[in-house]
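This briefing covers sheets, helices, aromatic pairs, cysteines and two threonines. Please keep the sequence and the model open while reading.

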Amino acid sequence: MDVDIGNALASVASPGVSRGSLERLDEQVADAHERIEDGMANGEHGYEALNLPDRTDPDEIRTAVEPVADAEALVTVGIGGSALGAATITEALDSDTETVFLDNVDPAWISSHLERLPLENTAINVVSRSGTTAETLANFLVVREAFEDAGVDWTERTIVTTGESGPLRDLSERHDLPSLKVPDGVPGRFSALSAVGMVAAAVCGHDLEALLEGATAEADTLSGSLFDCPAYAYGATSYALDARGAGMNAMVPYAESLETYSEWFAQLWAESLGKDDLGQTPLRALGVTDQHSQLQLYRAGPRDKVVTFVTPREGEDRSIPDTEVDDLAYLGDATLGELLDAEFEATEASLAAAGRPNVRIELERVDEYELGGLLYGMEAACVLAGELYGVNTFEQPAVEWAKKATRGLLGGGEFEEADAVAEKTELRVER
């Protein structure tokens with residue numbers, strides 16, 4: 001990926017960061033890079049995620065999915081980092097295999113999917129490091145029951161990705177299910193380039209080697225200067241803009257296929273950096289759709305945001321038919337791709353003209369190689385930003401609090417977090 005931070009400079013944007021400030025910040029980037037390199041070399045928790053391009057074995061993944069390689073549909077049961085990386089990859093790329101990600105527990109939504117899928121030709125991909133994630137286990141039990149009710153042997157259609165021990169590991173051993181290991185030292189939101197994210201890609205027939213090669217190429221750019229490394233340029237600029245008042249980061253891909261990528265980014269950025277009253281709030285949007293729903297705010301609202309555009313240089317195209325409507329005649333000489341590019345450039349320019357900071361991330365195209373580079377690059381950017389903020393990028397204590405409260409409310413043990421639910425302050429306005 002390439003990164004253009006020109007529209008985030010103080011000379012054109014407010015808040016903005018001056019070239020001199022970036023040069024001073026670069027000294028901190030050099031120190032942070034040294035810390036990141038040490039963490040990678042020593043296999044430290046979290047930093048190990050940046051080693052995945054070298055340590056993920058695509059052959060092992062393909063072997064595990066071979067029994068369901070002919071699946072017409074794939075149901076991935078996971079939540080958060082156990083689903084979003086896989087969803088980002090498979091939804092960005094074309095495949096004949098339909099993918100469904102059960103990452104919520106809305107009963108109507110779950111039932112609607114299970115009722116329409118051809119279960120006899122559907123594979124199940126269940127993902128949980130601990131094997132005790134309440135939402136994942138509940139959904140898996142529901143899916144398993146649906147297969148049994150349909151007379152389909154779920155044990156012949158299931159792949160498990162989990163930790164070395166736990167209920168899912170026990171289940172996979174008891175039923176001799178194909179299983180893969182969640183890599184040690186890699187938080188879920190950083191695990192897209194492991195079996196966690198790539199089992200679904202393998203079932204869908206995507207090029208696993210190209211994903212990892214793209215990530216490796218991005219890893220090779222990591223250096224001690226933000227001016228030589230696109231990932232660090234993005235992480236450092238985002239951090240600097242936040243320090244100057246841009247506490248929100250709107251991620252706006254200009255490719256429909258990258259809409260789920262915005263969801264993946266939102267988890268990565270929020271869960272990693274939201275500590276100690278610090279961190280940018282990620283916003284999810286999609287170009288060109290949200291030019292007509294959110295751009296007004298970004299251009300004329302509070303100066304508390306940076307907009308990040310992601311745009312591919314190449315892609316499929318389709319001509320726009322001629323029309324007899326005079327005011328629309330100019331469209332007949334254009335293509336949808338040209339219209340999309342014009343919409344992007346106009347939106348970017350409109351923000352710059354209003355002095356609103358924005359950053360451009362460019363891909364050559366949306367394919368496995370470029371996607372691998374994008375995922376790795378944003379992970380590295382996030383790790384760098386965490387170093388600059390001085391937070392523990394790889395923990396998520398606030399999430400654990402809610403998990404304990406949920407388990408307590410369902411009778412899964414005594415947790416003081418569950419007791420706090422009853423202390424809610426109410427001020428009801430009823431009809």
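Buried means under 20% relative accessible area, exposed over 50%, and partly exposed in between. By that cut-off, Phe 190 and Phe 394 are both buried. The model is predicted. It contains two open sheets described below, one with the strand order β3-β2-β4-β5-β6 and one with the order β1-β10-β9-β7-β8.

**Aromatic pairs**

- The structure holds 10 aromatic pairs.
- One of them joins Phe 190 and Phe 394, with ring centres 5.5 Å apart and planes at 65°, so the pair is edge-to-face; the cut-off for that class is over 60 degrees.
- The two residues come from distant parts of the chain, 204 residues apart. Phe 190 sits in the loop between β6 (179–181) and α8 (195–203), and Phe 394 in the loop between α14 (368–389) and α15 (397–409).
- Tyr 47 joins Phe 190 and Phe 394 in one aromatic cluster.

**The parallel sheet**

- Five strands make up this open sheet, in the order β3-β2-β4-β5-β6, and their pairing is parallel.
- The edges are β3 (98–102) and β6; each has a single partner strand, so one side of each is left without a neighbour in the sheet.
- On average, neighbouring strands here are turned by 15° against each other, direction ignored.
- Five bridges connect β4 (residues 122–128) with β5 (residues 158–162), paired in the parallel sense. Val 126 stands opposite Val 160 of β5 in this sheet.
- Helix α6 (residues 134–149) lies across β2 (73–77), β3, β4 and β5, and runs at about 160° to β4.

**Thr 161 in β5**

- Thr 161 belongs to strand β5.
- Thr 161 counts as buried because its relative accessibility is 0%.
- Not counting residues up to four places away in sequence, the contacts of Thr 161 include Asn 125, Val 126, Val 127 and Ser 128. Among its other contacts are Leu 180, Lys 181 and Val 182, as well as Ala 195, Val 196 and Val 199.

**The mixed sheet**

- This open sheet also has five strands, ordered β1-β10-β9-β7-β8, with mixed pairing.
- β1 (2–4) and β8 (281–284) form the edges, each with a single partner strand, so one side of each lacks a neighbour in the sheet.
- Neighbouring strands of this sheet are turned by 20° against each other on average, direction ignored.
- Helix α11 (residues 259–273) packs on the sheet and touches β7 (248–253), β8 and β9; its direction makes about 170° with that of β8.
- Helix α13 (residues 336–353) lies across β9 and β10, at about 160° to β9.

**Strand β9 and its partners**

- β9 (residues 305–312) and β10 (residues 358–363) run parallel and are joined by six bridges.
- Across this pairing, Val 310 stands opposite Ile 361, and Phe 309 stands opposite Arg 360.
- β9 also pairs with β7 in the parallel sense, over six bridges. Lys 305 of β9 is the bridge partner of Met 248.
- Eight of the eight residues of β9 are buried.
- In a regular strand the side chains alternate between the two faces of the sheet.
- Both faces of β9 are covered. One side carries Lys 305, Val 307, Phe 309 and Thr 311, the other Val 306, Thr 308, Val 310 and Pro 312, and all of these are buried.

**Cysteines**

- A search of the whole structure finds zero disulfides.
- Cys 229 is in no disulfide; the nearest cysteine sulfur, that of Cys 382, is 14 Å away. The cut-off for a disulfide is sulfur atoms within 2.5 Å.
- Cys 229 is buried, with a relative accessible area of 2%.
- Cys 204 also counts as buried, at 9% relative accessibility.

**Thr 221 in a loop**

- Thr 221 lies in the loop between α9 (208–219) and α10 (230–243).
- Thr 221 is partly exposed, with a relative accessible area of 24%.
- Thr 221 touches Asp 228, Cys 229 and Pro 230, not counting residues up to four places away in sequence.
- The side chain of Thr 221 reaches the backbone oxygen of Glu 218 at 2.7 Å.
- From Thr 221 to Pro 302 the separation is 81 residues in sequence and 35 Å in space, C-alpha to C-alpha.

How values were computed
Residues are numbered from 1 along each chain as its sequence is written. This is a predicted model: local features need pLDDT of at least 70, side-chain atom pairs count only at pLDDT 80 or more; totals for chains, interfaces and linings use all residues. Side-chain values use heavy atoms; hydrogens and water are left out. Rings of Phe, Tyr and Trp (its six-membered ring) pair if their centres lie within 6.5 Å; planes under 30 degrees apart count as stacked, over 60 as edge-to-face and the rest as tilted. Helices (H or I, at least four residues) and strands (E, at least two) are DSSP runs, numbered from the N terminus. Buried means under 20% relative accessible area, exposed over 50%, partly exposed in between (1.4 Å probe, protein chains only). Contact means heavy atoms within 4.5 Å. A polar contact is a pair of N or O atoms within 3.5 Å; within protein, one must be able to donate a hydrogen and the other to accept it, and residues adjacent in sequence count only if both atoms are side-chain atoms. Two strands pair if DSSP finds at least two bridges between them. Axes are lines fitted to C-alpha atoms, for helices over the stretch in contact, and angles run from 0 to 180 degrees between N-to-C directions.
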